[in-house]
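Me: Please take a close look at one part of this structure. Pick a single element and work outward from there. Short sentences, please.

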Amino acid sequence: VVSPLANKITAREREMIELTAQGLTEAQIAKKMGIGIQTVKTYRKNLFEKTGVKNATELVQFSVANLII
């Protein structure tokens, strides 16, 4: 069962979660997505608020458990 929250995650947010799951750093994610490091931090902050997690590891675990990635 897909979490209703999955529908609230944008394609760019999902891409960022996938890159985080691959072990990329904020700088590597920024370069790969063509955005600034501060934008990556903002995406993460917003995702932490949306999902109720406290760090990137929890975000990836939550995303896998809720079929977001």
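Reply: Start with the outer face of helix α4. Turned away from the buried side of α4, this face carries the exposed residues Thr 57, Gln 61 and Ala 65. Exposed means over 50% relative accessible area, buried under 20%, and partly exposed in between, with a 1.4 Å probe and protein chains only. Helices (H or I, at least four residues) and strands (E, at least two) are DSSP runs, numbered from the N terminus.

The model is predicted, with local features needing pLDDT of at least 70 and side-chain atom pairs counting only at pLDDT 80 or more, while totals for chains, interfaces and linings use all residues. Residues are numbered from 1 along each chain as its sequence is written, and side-chain values use heavy atoms, with hydrogens and water left out.

Now the buried side. In α4, Leu 59, Val 60 and Ser 63 are buried. They share one side of α4 because they cover an arc of only 95° around the axis. The arc is that of the directions from the helix axis to the C-beta atoms. The buried residues of α4 pack against α1 and α3.

Leu 59 shows this packing in detail. Leaving aside neighbours within four places in sequence, Leu 59 is in contact (heavy atoms within 4.5 Å) with Met 16, Ile 17, Leu 47, Phe 48, Thr 51 and Val 53. Leu 59 also belongs to the largest nonpolar core, which has 16 residues. Such a core is a set of buried Ala, Val, Leu, Ile, Met, Phe, Trp, Tyr and Cys residues joined through side-chain atoms within 4.5 Å. Those with the most contacts inside this core are Met 16, Ile 17, Ile 29, Met 33, Val 40, Leu 47 and Leu 59. The elements giving two or more residues to this core are α1 (11-21), α2 (26-33) and α3 (37-51).

Next, the two ends of α4. Asn 55 caps the N-terminal end: one of its side-chain oxygens lies 3.1 Å from the backbone nitrogen of Thr 57. Ala 56 lies in α4. Beyond neighbours within four places in sequence, Ala 56 is in contact with Thr 20, Arg 44 and Phe 48. Ala 56 and Thr 25 are 31 residues apart in sequence, yet 10 Å apart in space, C-alpha to C-alpha. At the other end, Leu 67 lies in the segment after α4. Leu 67 has a positive phi of about 55° although it is not a glycine. Its relative accessible area is 48%, so Leu 67 counts as partly exposed.

Arg 44, the partner of Ala 56, lies in helix α3. Its relative accessible area is 11%, so Arg 44 is buried. Outside the same four-place window, Arg 44 is in contact with Met 16, Thr 20, Leu 24, Glu 26, Ile 29 and Ala 56.

How far can the prediction be trusted here? Helix α4 (residues 56-65) has the lowest mean pLDDT among the elements, 94, and α2 the highest, 98. That score is the predictor's confidence in each residue, from 0 to 100. The mean for the chain is 92, and 96% of its residues reach 70 or more.

Last, the whole chain. The chain has four helices and zero strands. Of its 69 residues, 36% count as buried. Among contacts between residues at least 6 apart in sequence, 50% join residues at least 24 apart. The C-alpha trace spans about 35 × 20 × 20 Å along its principal axes.

How values were computed. Polar contact = N/O pair within 3.5 Å; in protein donor to acceptor, adjacent residues only side chain to side chain.
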